[in-house]
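Please walk through the structure shown below with the helices, the nonpolar packing and the charged pairs in mind. The paragraphs after it take these topics in turn.

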Amino acid sequence: YVLILNIIGVLVIFSATNGSRELLLKQFIGIIIGTVAMIFLSLFPYKELVKLSWLVYGLCIVLLLIVIFFGYRPLNAGAKRWIKLPALGLIQVSEFAKIGLIIFYAQLLTKYREYIDRFRYLLLFAGLLVLPCVLIMAEPDLSTTVVITVIVLCMLFCAGVSYKWIAGGFACAVSFMAVLLFALQHNVIPVLRGYQANRILAWIHPSDYTDMNMQQDNSIMAISSGQLLGKGLNNNTLASVKNGNFLSQEQTDFIFAVIGEELGFVGCIAVVTLYALIVLECLYLASKAVNLQGRLLCTGFAALIAFQSFTNIAVATGLFPNTGLPLPFISYGVSSVVSLFLGVGIVVNVALQRK
């Protein structure tokens with residue numbers, strides 16, 4: 001499933017960038033590095049890997065601090081999310097932090113599983129999550145912060161937290177969102193930057209923010225124009241998203257619009273089905289894992305793939321406010337591809353040690 005998504009990604013990136021060999025070469029390098037790392041991680045016992053969880057957590061924090069103080073901001077980019085390294089190029093640390101935190105919480109929740117419903121331990125889990133989330137928010141990168149939070153919540157659910165805490169947390173989340181939306185509509189922005197607030201307001205009141213909704217409107221038109229079978233890869237019609245300058249970052253955040261336009265409804269359904277199969281496979285392997293650590297590792301990666309792919313597609317189709325998340329295994333991005341292959345390697349590792 002992953003390799004098929006990679007193949008689709010390479011084909012669509014090549015089309016979206018009008019045959020850019022430079023970007024294609026970088027994506028191939030990312031796939032090769034990721035595959036090698038996946039094979040290594042699949043053979044390195046995960047029980048030994050999770051013993052290094054505090055080291056992994058500390059490394060994530062240090063690298064995120066390096067991004068804050070010494071990070072690289074590309075030209076015309078509003079965020080400083082990368083570290084620029086010789087030969088390797090730009091590295092987006094937050095992508096690797098997702099996998100690092102899955103490893104960390106797999107060990108942490110296993111160690112304290114008998115106390116998982118006690119309030120002080122829930123505060124401990126939340127406190128250890130706040131630090132990396134604050135550093136990622138400072139880049140700023142709200143979407144990755146939300147993804148990491150959802151991953152940890154899913155792992156907490158898998159670890160067996162009481163339903164009373166789930167119900168209470170859901171009630172608090174709904175109340176917080178209601179207060180946040182009320183504050184946004186009255187120009188009181190407690191935690192969000194200006195452009196982040198405007199994106200949410202543009203989603204709620206599209207007629208008042210037509211300029212900010214232009215990308216999503218064009219994305220929806222591109223997807224619908226593909227109809228059943230699409231216009232075909234590498235089409236050169238002037239009205240296409242890649243030639244008409246209707247979208248920015250069509251090879252990353254809005255690559256699903258290119259899939260919809262060029263591969264049609266059939267291509268879109270095929271991509272969604274592949275993601276569903278990956279998530280179901282991860283959950284199946286979680287159910288067959290020999291211990292809680294293995295179950296949590298598989299569940300965390302399943303949550304990552306499910307929520308991030310859903311969010312990217314939801315943005316491209318106007319169901320969510322505009323945000324910058326890559327489509328797993330398909331969007332251009334070396335850091336994203338390599339980090340996801342690390343996650344695949346860990347899941348394969350759990351699968352190989354079922355007996």
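In this predicted model, the buried residues of helix 2 are Leu-23, Leu-24, Gln-27, Gly-30, Ile-31, Gly-34, Ala-37, Met-38, Leu-41 and Ser-42. They pack against helix 1 (2–16), helix 3 (46–49) and helix 13 (334–352). Helix 2 itself covers residues 21–43, and because its 23 residues should span 33 Å at 1.5 Å a residue, the 33 Å between its end C-alpha atoms agrees with that expectation.

One of the buried residues of helix 2, Gln-27, also appears among the contacts of Ile-330, which, leaving aside neighbours within four places in sequence, touches Leu-5, Ile-8, Gly-9, Ile-13, Gln-27, Ile-255, Ile-259, Val-271 and Tyr-275. Ile-330 leads on to the largest nonpolar core, a set of 93 residues in which Tyr-105, Leu-109, Phe-125, Leu-297, Phe-301 and Ile-330 touch the most other members. The largest share of this core comes from helix 11 (residues 255–288), which contributes 14 residues. As a general point, nonpolar side chains tend to be buried together in soluble globular proteins.

Helix 4 (residues 53–70) offers both a buried and an exposed example. Ser-53, which is found in this helix, counts as buried because its relative accessibility is 2%, and the cut-off for that class is under 20%. Apart from residues up to four places away in sequence, Ser-53 touches Ile-103, Phe-104 and Gln-107. Phe-69, which also lies in helix 4, is by contrast exposed, because its relative accessible area of 59% is over the 50% that this class requires. Phe-69 takes part in a nonpolar surface patch of about 520 Å², made together with Val-62, Leu-65, Ile-66 and Phe-70.

The charged pairs can be taken next, and the count of salt bridges comes to four. Among them, Glu-48 pairs with Lys-51, with the closest N and O atoms 3.4 Å apart. In this pair Glu-48 is partly exposed, with a relative accessible area of 38%, while Lys-51 is exposed, with a value of 58%.

Another salt bridge joins Lys-98 to Glu-95, the closest N and O atoms being 3.2 Å apart. Both residues lie in helix 5 (residues 93–111), where they are three residues apart, about one turn of the helix. An α-helix has 3.6 residues a turn, so residues three or four places apart point the same way. Where does this pair sit with respect to the surface, is Lys-98 buried or exposed? Lys-98 is buried, with a relative accessible area of 2%, and Glu-95 is buried as well, with a relative accessible area of 3%.

A further salt bridge is formed by Lys-231 and Glu-261, whose closest N and O atoms are 3.3 Å apart. Lys-231 lies in the loop between helix 10 (214–225) and helix 11, whereas Glu-261 is in helix 11, so the pair ties together parts that are 30 residues apart in sequence. Its two members also differ in accessibility, since Lys-231 is partly exposed, with a relative accessible area of 35%, and Glu-261 counts as buried at 0% relative accessibility. Glu-261 thus belongs to helix 11, the helix that supplies the largest share of the largest nonpolar core.

Notes:
Residues are numbered from 1 along each chain as its sequence is written. This is a predicted model: local features need pLDDT of at least 70, side-chain atom pairs count only at pLDDT 80 or more; totals for chains, interfaces and linings use all residues. Side-chain values use heavy atoms; hydrogens and water are left out. Helices (H or I, at least four residues) and strands (E, at least two) are DSSP runs, numbered from the N terminus. Buried means under 20% relative accessible area, exposed over 50%, partly exposed in between (1.4 Å probe, protein chains only). Contact means heavy atoms within 4.5 Å. Patches are made of residues with over 30% relative accessible area and no salt bridge: like charges are joined within 9 Å, nonpolar side chains (Val, Leu, Ile, Met, Phe, Trp, Tyr) within 5 Å. Accessible areas come from the Shrake-Rupley method with a 1.4 Å probe; for residues, only the protein chains shown count as cover. A salt bridge is a side-chain nitrogen of Lys or Arg within 4 Å of a carboxyl oxygen of Asp or Glu. A nonpolar core is a set of buried Ala, Val, Leu, Ile, Met, Phe, Trp, Tyr and Cys residues joined through side-chain atoms within 4.5 Å. The expected span of a helix is 1.5 Å times one less than its number of residues.
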